[in-house]
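Q: Please give me a close look at a single pocket in this model. Then set that pocket against the rest of the chain, with salt bridges and backbone included.

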Amino acid sequence: MKKLMKNRIVIGLVCIILSLVICFGLTPMFNNALKSKVQLVRVNTEIHKGDQITEKMLTMVETGGYNLPGNVVCRLEDVVGRYANADLYKGDYILESKLSDTPMLKNAYLSKLNGENLAISVSIKSFAAGLSGKLEAGDIVTLIASDVGERRETLVLPELKYVEIIAATASSGADHDVQADVKDGDEQELASTITVLATPEQARLLAELEQTGKLHAALVFRGDSTQAGRFLEEQQRVLEELYAEENAEEDAESGKEAEIGDEAEEEPIVDDGEVNAGGR
């Protein structure tokens, strides 16, 4: 009975000590964190992707320091003169990840070509063919060919099942993401061509279909680049299988032609003199 009482007393003392620590230690620290104020840089006008940031576009504000992102910018000098690599809107705080030290190149997507793939543009010949003007860079689409040849066939080709769009461009030459900044009341131009990333085999096929039919884009995926990469990997696998079969057939035909040539060389050549002598 005495041991039980002692245990209860010890537990009671521990609980009292813990409550004191929480009340007079942790709670004041938490309250101080909530009350702490920091100076942050905030956007006071819309800034478009690629714009150089000036001091007039920014303002300094005081806000609570609790639960702020670790890469939020707190000093004007860390922002002024740099370039936005994403659209910023009035009232936004600026994160370091949305700033760049170098200006964005016009048509920067073309600078990513590495010699393995090509950029090729194909025409959007109707409003419906271009997904009603909703195609954007980064979309994964299936390109369907219609009115092909004299029989006006519609073809869904395995070579064009998953293709990445890198630009949708209006007849004026402006890309879709640039046209998104048109002023209110102005009519936005619809894309008349799409530029896609293609292997040499796909580029050859697209150039042929551009002349012999019409292309329709069916949206497959829009979103996370990692998931988009899986579609492109699957397309690459299909291409490797298709062209491996073609190469095997070509090698087989070449082998047959070589065998025929060898047989022709091995046929005996009969001398005319010997033939005449035999005739006598």
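A: What follows starts with the pocket, then takes the chain, the charged pairs and two backbone angles.

The model is predicted: local features need pLDDT of at least 70, side-chain atom pairs count only at pLDDT 80 or more, and totals for chains, interfaces and linings use all residues. Numbering runs from 1 along each chain as its sequence is written, and side-chain values use heavy atoms, with hydrogens and water left out.

The part in question is the second largest pocket, with about 170 Å³ of space. A pocket here is an open set of points on a 1 Å grid over the protein atoms alone, where a 1.4 Å probe fits, with protein on both sides within 12 Å along at least five of seven lines. Its volume is the space filled by probe spheres set on the points, joined across faces, edges and corners.

Lining residues have an atom within 4 Å of a point. In this pocket they are Asn117, Tyr162, Val163, Glu164, Leu197, Ala198, Thr199, Gln202, Leu232, Gln235, Gln236 and Leu239. By class, six are nonpolar, five are polar and one is charged. (Ala, Val, Leu, Ile, Met, Phe, Trp, Tyr, Cys and Pro count as nonpolar; Asp, Glu, Lys and Arg as charged; the others, Gly among them, as polar.)

Three elements each supply at least two lining residues: strand 8 (163-170), strand 9 (191-198) and helix 4 (225-266). Helix 4 gives the largest share, four residues. Helices (H or I, at least four residues) and strands (E, at least two) are DSSP runs, numbered from the N terminus.

Take one lining residue, glutamine 236. Glutamine 236 sits in helix 4. It is partly exposed, at 35% relative accessible area. (Buried means under 20%, exposed over 50%, partly exposed in between, with a 1.4 Å probe and protein chains only.) Another lining residue is threonine 199. The C-alpha atoms of glutamine 236 and threonine 199 are 8.9 Å apart, although 37 residues separate the two along the chain.

Strand 8 also holds isoleucine 165. Isoleucine 165 is buried, with 0% relative accessibility. Leaving out residues up to four places away in sequence, it touches Leu135, Glu136, Ala137, Gly138, Asp139, Val141, Ile194, Thr195 and Val196. Contact means heavy atoms within 4.5 Å. Isoleucine 165 and valine 141 are 24 residues apart in sequence, and their C-alpha atoms are 7.4 Å apart.

Asp139, one of those contacts, leads to the charged pairs. Side chains of opposite charge can pair when their charged atoms come close. The structure holds ten salt bridges, each a side-chain nitrogen of Lys or Arg within 4 Å of a carboxyl oxygen of Asp or Glu.

Aspartate 139 and arginine 222 form one, at 2.7 Å from N to O. Aspartate 139 lies in the loop between strand 5 and strand 6 (140-148), and arginine 222 in the loop between strand 10 (214-221) and helix 4, so the pair ties together parts 83 residues apart in sequence. Aspartate 139 is buried, at 0%. Arginine 222 is partly exposed, at 40%.

Arginine 82 pairs with aspartate 101, with the closest N and O atoms 2.9 Å apart. The two residues are 19 apart: arginine 82 in the loop between strand 2 (58-64) and strand 3 (83-84), aspartate 101 in the loop between strand 4 (99-100) and strand 5 (118-123). Arginine 82 counts as buried at 15%, whereas aspartate 101 counts as exposed at 60%. Elsewhere, Arg75, Glu77 and Asp78 are linked in a network of salt bridges.

Arginine 152 bonds to aspartate 147, with N and O 3.4 Å apart at the closest. Aspartate 147 is partly exposed, at 24%. Arginine 152 is exposed, at 55%, and lies in the loop between strand 6 and strand 7 (153-156).

Now the backbone. Most residues other than glycine have a negative phi. Arginine 152 has a positive phi, near 50°. Leucine 131 also has a positive phi, near 60°. Leucine 131 is in the loop between strand 5 and strand 6 and is partly exposed, at 25%.

Last, the whole chain. It has five helices and ten strands. Of its 280 residues, 24% are buried. Among contacts between residues at least 6 apart in sequence, 67% join residues at least 24 apart. The accessible surface is about 19,100 Å², 53% of it from carbon and sulfur atoms, by the Shrake-Rupley method with a 1.4 Å probe.
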